[in-house]
Amino acid sequence: MNDTSLTIELKKGKEQSILRKHPWIFSGAIQQYNPDLTNGCWVKIVSADSQTLGFGHYQKGSITVRMLTFGDSIPDKNFYIQKVQAALDLRQGASIISLKTNSWRLIHGEGDGLPGLIVDVYNDAAIIQAHSHGMHQDRHAIAKAILGVFGKKIHTIYYKSQGTLDHADNEYLHGNTAVPQTILEHGHKFLVDWEAGQKTGFFLDQRESRKLVGELAKGRTVLNTFCYTGGFSVYALHGKAKLVHSVDASDKAIVMAKLNIELNGFSTEENPCFVADTFEFLKNKAGIYDLIILDPPAFAKHKDARHQAMKGYQRLNAEAMRAIKPSGIIFTFSCSQVVDKQLFYDTVVSSAIQAGRNIKVLQLLGQPADHPVSIYHPEGEYLKGLVLYVE
Ligand code: SAH
């Protein structure tokens, strides 16, 4: 499948992180490039003393190689089949997949040993998203591997990388199921439109936190901000919330949120959805809600944006803390990779001080088992959340 004859030689001592199975090689670690390397090709990595360290995808840029194998054995044509099978085994072993949950992440980049690749499964459709040129070039082999492992269970494979890579077109690589499709998550129904929706269509990473909202929502007046297609709202309603308000800046998202609330048998007249900016919406809303969900998009995608992002998180959380009724609960999240758990926690503490409320941390939240983190690649942990009790 792959030409594995091209090589990159590392500087002396730079093999250490690869021997510890960290999957990224930065440009500064490289001693010598083979001149025939092209963006996205497979490359063999050798140490300064000629030891083969593994194989990966080459890409011009700061992260120059994303490792796909470690050690000296040459990856063969079954490489992607083995990876997809291992990823499926992990999800089955972790009890992610069930009759009530037919949609889950199959491949989570480095967490599944495939840096640069995301695959989400929505019932019988698989959506492939490449974040590297290597994965873009290998998209057909990946689609073939998915079909090889799943057989007829997968009817559709959609490749969606226009938003993540330059020069990549969105296209069906297999089948063509019409969108939107109805999926099941913990028995709740959601419409997913992988063509027009954000990311691959649905935020599967909030599955377990949404379930927890459902468990705590009974009798509460709920505000779901950054609601996208209404995930948390539907769980809150199934959990017998008194009332749910849903807010998102995107009118397309709000159209879908309304459809999803109705699809689950609830009224959008009684539980209205608003196209609005959350920061604006929260103004003058003191004393109305006793459960607020804050699930904003990544405020910082790069380290340079981190300081500004922290200010955003601080303001958002302080506004919600001021607004919430006594004995209320706030679910607050950050999906910014460059903001770690401790930094997020500290920011929420400073929001609490600013709001002047007495607050207790009930639970720490993170990403579910179908978004695994390689222990050698802590950067893979991106989603963190807190459940707060505001006295
Ligand atoms: N909680 C959702 C996922 C949220 S994704 C779920 O469970 O599916 C983040 C959402 O924030 C996106 O839908 C985006 O349209 C919305 N958004 C971004 N900036 C916003 C703002 N300032 N106010 C309200 N919504 C915003």
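**Close-up views of the ligand site and the seven-stranded sheet**

**View 1. Polar contacts of the ligand in the predicted model.** An oxygen atom of the ligand lies 3.1 Å from an N or O atom in the side chain of Gln198. The side chain of Arg210 places an N or O atom 2.7 Å from an oxygen atom of the ligand. At Thr278 the backbone takes part: one of its N or O atoms is 2.9 Å from a nitrogen atom of the ligand. On its own the ligand has 590 Å² of accessible area, of which the protein covers 88%.

**View 2. The residue shell around the ligand.** Of the 15 residues in this shell, Arg210, Asp248, Asp277, Thr278 and Asp295 come nearest. Sorted by class, the shell holds eight nonpolar, three polar and four charged residues.

**View 3. The open sheet of seven strands.** The strand order is 16-15-14-17-18-20-19, and the pairing is mixed. Strand 16 (273-275) and strand 19 (359-365) are the edge strands; each has a single partner strand, so one side of each is left without a neighbour in the sheet. Direction ignored, neighbouring strands are turned by 15° against each other on average.

**View 4. Strand 19, strand 20 and the helices on the sheet.** Strand 19 and strand 20 (residues 384-390) run antiparallel and are joined by six bridges. Leu365 has Gly385 of strand 20 as its bridge partner. Helix 10 (residues 341-355) packs on the sheet, where it touches strand 18, strand 19 and strand 20, and its direction makes about 25° with that of strand 20. Helix 5 (residues 207-216) lies across strand 17 (291-294), strand 18 (328-334), strand 19 and strand 20. This helix runs at about 175° to strand 18.

Technical notes: Residues are numbered from 1 along each chain as its sequence is written. This is a predicted model: local features need pLDDT of at least 70, side-chain atom pairs count only at pLDDT 80 or more; totals for chains, interfaces and linings use all residues. Side-chain values use heavy atoms; hydrogens and water are left out. A residue is near a molecule or strand if one of its heavy atoms lies within 4 Å of it. A polar contact is a pair of N or O atoms within 3.5 Å; within protein, one must be able to donate a hydrogen and the other to accept it, and residues adjacent in sequence count only if both atoms are side-chain atoms. Accessible areas come from the Shrake-Rupley method with a 1.4 Å probe; for residues, only the protein chains shown count as cover. Ala, Val, Leu, Ile, Met, Phe, Trp, Tyr, Cys and Pro count as nonpolar, Asp, Glu, Lys and Arg as charged, and the others, Gly among them, as polar. Two strands pair if DSSP finds at least two bridges between them. Helices (H or I, at least four residues) and strands (E, at least two) are DSSP runs, numbered from the N terminus. Axes are lines fitted to C-alpha atoms, for helices over the stretch in contact, and angles run from 0 to 180 degrees between N-to-C directions. Contact means heavy atoms within 4.5 Å.
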